[in-house]
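Here is a short guided tour for the bench. Have the sequence and the model open beside you as you read.

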Amino acid sequence: MRTCFLLLLVLLNSFAYTQTPLKNTEWKIKSSNITFKIKNAGFNVDGSFGLVTANIIFDVENKEGNTINASFKSSTLNTGNKTRDNHLKKEEYFNVEQFPEISIISTSIKHIKGENYIGTYKLTIKNITKEITIPFTFNEIDSSGIFKGTFTLNRLNYNIGSSSFVLSDNVTVDVELKVKRK
């Protein structure tokens, strides 16, 4: 009888263990590179934002529970031209005094194929939140990884400047996050 009880206990423990979801891996950012490109008077203007802070829980083996939530200071905007940067930081554009942070929060992340994923996010700029999708790749080597993604957004959807014949409405954003397992 005791043997049957022990066998039943072992079987129940094995079943409970197999039903426990795998814990996704937590990552911390080693470096970040957020760049943007916009047409102004027919020329491309390139710029970047400073270091990203993030809470990243991501595992290629798990289909559920992956999240990427990040933010950065709008005041870190840099186009390589101090006069232009100061202008873009004013109320008409990023209004960095009133809205010091830009944030992005994932609502779903789906694996497409191989290293390719697509994330749905809530992007908040100047207290305006819109849902966007970002295709991205994730490459992992040992305990490090790289997230890379590119997307386009309409700056007018976030009240960044006004409609203009000179300045394009669409901005292309490239994101690269180099991460390390926590």
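Which residue in β7 does T120 stand opposite? The partner of T120 there is T133. Keep in mind as you look around that this is a predicted model.

## The overall plan

The protein has two helices and nine strands. Starting at the N terminus, the order of elements is α-β-β-β-β-α-β-β-β-β-β.

Of the 182 residues in the protein, 35% are buried. Contacts can also be sorted by how far apart the two residues lie in sequence. Among those between residues at least 6 apart, 55% join residues at least 24 apart.

## β1 and its partners

Strand β1 covers residues 26-40, and it is a good place to begin tracing the pairing. With strand β9 (residues 170-181), β1 pairs in the antiparallel sense over ten bridges. Here I29 is found opposite V179 of β9.

Strand β2 (residues 43-49) is also antiparallel to β1, joined to it by seven bridges, and I34 has F49 of β2 opposite. These two strands make a hairpin with two residues between them, and A41 in the turn has a positive phi of about 55°. Strand β3 (residues 53-57) runs antiparallel to β1 as well, with two bridges between them. W27 has I56 as its bridge partner in β3.

## The run from β5 to β7

Strand β6 (residues 116-125) pairs with β5 in the antiparallel sense over nine bridges. One pair to look for is I105 with its bridge partner K122 in β6. Two residues lie between the strands of this hairpin, where G114 takes a positive phi near 60°.

On to β7 (residues 128-141): ten bridges join β7 to β6, and the two run antiparallel. They too form a hairpin with two residues between them, and K126 in the turn has a positive phi of about 55°. How enclosed is β6 by the rest of the structure? It is largely enclosed, because seven of its ten residues are buried.

## The nonpolar core

In soluble globular proteins, nonpolar side chains tend to be buried together. The largest nonpolar core in this model has 39 residues, and the members that touch the most others are I56, F58, F94 and F147. At least two residues each come from β1, β2, β4 (67-73), β5, β6, β7, β8 (144-154) and β9. The largest share, five residues, is supplied by β1.

F147 deserves a closer look. Setting aside neighbours within four places in sequence, F147 is in contact with I56, F58, I68, F136, T137, F138, V175, E176, L177 and V179.

## The pocket and the cavity

The largest pocket holds about 710 Å³ of space. Its lining is made of 38 residues, with I34, F49, F72, F151 and V173 nearest its centre. Strand β8 gives the largest share of that lining, six residues. Which class of residue dominates the count? The lining divides into 29 nonpolar, six polar and three charged residues.

There is also one cavity of 30 Å³ or more. The largest cavity contains about 40 Å³ of space and is lined by D59, V60, N62, K63, N66, I109, K110, H111 and Y117. Strand β5 (residues 101-113) provides the largest share of this lining, three residues. By class, the cavity lining has three nonpolar, three polar and three charged residues.

## A lysine on β9

K178 sits in strand β9. Is this residue buried or partly exposed? K178 counts as partly exposed, because its relative accessible area of 33% falls between the 20% limit for buried and the 50% limit for exposed.

K178 and K28 are 150 residues apart along the chain, and their C-alpha atoms are separated by 8.6 Å. Leaving out residues up to four places away in sequence, K178 touches K28, I29, K30, S31, G145 and I146.

Conventions. Residues numbered from 1 in each chain as written. Predicted model: local features only at pLDDT ≥ 70, side-chain atom pairs only at ≥ 80, totals over all residues. Heavy atoms only, no water. 1 Å grid on protein atoms, 1.4 Å probe; cavity = no way out; pocket = protein on both sides within 12 Å on 5 of 7 lines; lining within 4 Å. Points joined across faces, edges and corners; volume = space filled by probe spheres on them. Helix = DSSP H or I, 4+ residues; strand = E, 2+ residues; numbered from the N terminus. Nonpolar A, V, L, I, M, F, W, Y, C, P; charged D, E, K, R; others polar. Pairing = 2+ DSSP bridges. Core = buried A, V, L, I, M, F, W, Y, C linked by side-chain atoms within 4.5 Å. Buried < 20%, exposed > 50% of the residue type's maximum accessible area, 1.4 Å probe, protein only. Contact = heavy atoms within 4.5 Å.
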